[in-house]
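This briefing is meant for a reader meeting the structure for the first time. Please look over the sequence and the model before turning to the points that follow.

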Amino acid sequence: MPDAPTLVKCLIWDLDNTLWQGTLLEDPGVRLPDEIRDVIITLDARGILQSIASKNDHDLAWQRLEDLGIAEYFVHPRIGWGRKSDSVCGIADELNFAMNTIAFIDDLPSERAEVSFRAAEVRCYPAEQAASLPGRPEFRPDVVTVDARRRRQMYQASFRRDAERESFAGPDEDFLRSLELVMAIKRADEEDLSRVEELTLRTSQMNATGVHYSDAALRGLLADPGHEVLTVTLSDRFGPHGAVGVMLLEYRPGVWHLKLLATSCRVVSFGAGTVILNWLIDQAARAGVHLAADFRRTDRNRMMDIAYRFAGFAEDPCACLTSTSPASTASTASAGERDGVQCLHLAAAPRPGPTTMRLTAPDLTAGRVPVR
Amino acid sequence: MTTGQAITPVTAEAVTAEAVSEALTAFLAERIKTEVAPDQDLFASGLASSMFAMQLVVHLEETYDIAIIGPELKLDNFRTVQAMTALVLRLRDG
């Protein structure tokens with residue numbers, strides 16, 4: 001049975017005789033067919049980003065897109081006289097998307113061939129197929145979450161944020177405070193888990209444990225009193241970052257075991273991992289328990305490694321680790337390794353709240369009697 | 001090995017305590033817009049965030065061709081210019 005096709009994450013449009021009818025330089029009043037407008041709006045609502053690779057006068061073309069009321073739908077548009085393949089590759093680069101998640105639509109076979117020649121993985125479609133794109137499986141994600149629906153706005157907010165950061169002269173921490181960041185940690189429900197599932201499906205995430213927990217496994221633990229599934233959302237004055245993190249915690253006598261901590265790459269530069277860890281450490285201190293944390297080094301979670309270590313996690317042997325249940329994975333009789341998964345340990349002490357953001361979070365100690 | 005002759009490898013010459021300390025002070029001055037004393041606690045004084053600490057790790061690794069891993073990755077090794085200098089020299093010798 002063939003696998004489901006790789007979903008398209010960004011569709012790149014040609015303009016003349018593809019997005020609109022006519023050639024702009026010859027006819028300033030080029031017309032946007034209703035069916036094309038529908039395609040743009042439909043794909044946007046599904047969380048598929050859209051961009052432009054067009055050989056045109058930039059200012060003229062952008063003005064026309066604004067007049068047609070659709071300019072806001074496009075991210076990183078490339079309108080100029082360069083090669084289409086350069087534009088397509090440049091857009092993919094800026095979005096940090098793999099080429100096999102990019103689609104390109106153009107009425108000219110020569111342009112499609114040029115793009116295919118230099119970027120064979122990009123899926124190319126002729127202009128006459130535009131109206132049929134939303135019906136194709138590669139443009140139909142199984143789940144469309146609230147974060148997906150506003151993905152384009154989140155990207156656009158992120159561009160504005162980056163631009164402001166570039167021009168900010170003071171220390172990073174002052175810049176972070178200027179963003180008015182608000183982090184919300186909450187006990188997950190079914191809807192939250194759908195947002196997190198998407199986070200774990202996407203490639204740009206920082207999974208500290210390097211251990212994958214399936215959506216079904218996490219759902220199965222929602223009602224388990226021995227486990228806590230928590231999700232993290234972040235927003236700032238530019239807008240929402242959406243669901244940016246997930247934690248899986250197991251309560252044991254004398255020790256809380258952090259089995260999963262994954263945060264989106266997008267929020268690493270805000271120090272989100274450290275804020276989450278410090279909150280958890282403070283909660284554990286209030287409950288009078290130690291913390292254990294699974295960690296497996298991968299080629300992309302170095303920042304989380306540093307966040308754990310700087311928060312104070314180390315490879316200390318401690319008696320609390322012997323109480324871990326044998327059924328649990330990655331628990332060993334002492335701090336150490338199993339299958340490359342280290343079990344790091346920390347004797348929790350109270351921590352001050354974050355200085356760079358406002359944090360709302362549940363009280364994990366409520367109803368829990370300190371064990372020692 | 002001959003003795004009695006002053007042999008100074010180029011790399012060792014480039015990575016003295018003074019050189020590392022100076023380069024780090026300059027790096028910090030550029031990044032946090034503050035001139036810091038060698039023994040000034042960057043974190044207690046609020047000059048550096050934990051996020052900036054991560055950038056320091058990467059900066060030291062790339063500049064001095066060292067790998068800072070496991071137990072060496074603790075905040076105390078990054079609190080002051082002195083501590084970072086000592087860390088760099090220790091790891092380069094190791």
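In this predicted model, helices α2(B) and α4(B) are oblique to each other, because an angle that is not under 35 degrees, not over 145 and not from 65 to 115 counts as oblique, and their axes cross at roughly 130°. The notes below begin with this pair of helices and then turn to chain A.

**The helix pair in chain B**

- Helix α2 of chain B covers residues 17–32 and helix α4 of chain B covers residues 81–93, and the axes of the two come within 9 Å.
- The crossing that α2(B) and α4(B) make is right-handed.
- On the side of α2(B), the contact is made by A17(B), V20(B), S21(B), L24(B) and T25(B), while α4(B) contributes V81(B), M84(B), T85(B), V88(B) and L89(B).

**Chain A as a whole**

- Chain A contains eleven helices together with 14 strands, and its C-alpha trace spans about 80 × 55 × 30 Å along the principal axes.
- Of the 372 residues in chain A, 40% count as buried.
- Among the contacts in chain A with a separation of 6 or more, 71% are accounted for by residues that lie 24 or more positions apart.
- Chain A is divided into domain 1, which runs over residues 10–142, and domain 2, which runs over residues 169–360, and the C-alpha centres of these two domains lie 39 Å apart.

**The surroundings of G239(A)**

- G239(A) is found in strand β9 of chain A, a strand that takes in residues 239–252.
- G239(A) is partly exposed, because 15 other C-beta atoms lie within 10 Å, whereas a buried residue would need 20 or more and an exposed one would have 12 or fewer.
- Leaving aside residues up to four places away in sequence, G239(A) touches Q153(A), M154(A) and A157(A).
- With A157(A), one of these residues, G239(A) has a C-alpha separation of 6.3 Å, although the two are 82 residues apart along the chain.

**Confidence in the prediction**

- The average pLDDT of chain A is 86, and 90% of the residues score at least 70.
- Over residues 325–335 of chain A, however, pLDDT stays under 50, and for this stretch the model has 24 contacts beyond four places in sequence.
- Where pLDDT is low, the predicted coordinates should not be read in detail.

Methods. Residues are numbered from 1 along each chain as its sequence is written. Chains are lettered from A and ligands numbered from 1 in the order in which they are written. This is a predicted model: local features need pLDDT of at least 70, side-chain atom pairs count only at pLDDT 80 or more; totals for chains, interfaces and linings use all residues. Helices (H or I, at least four residues) and strands (E, at least two) are DSSP runs, numbered from the N terminus. Two residues are in contact if their C-beta atoms, placed from the backbone, lie within 7 Å. pLDDT is the predictor's confidence in each residue, from 0 to 100. Domain bounds come from an automatic or database domain assignment. Axes are lines fitted to C-alpha atoms, for helices over the stretch in contact, and angles run from 0 to 180 degrees between N-to-C directions. A crossing is left-handed if the near helix is turned anticlockwise from the far one by less than a right angle, and right-handed if clockwise.
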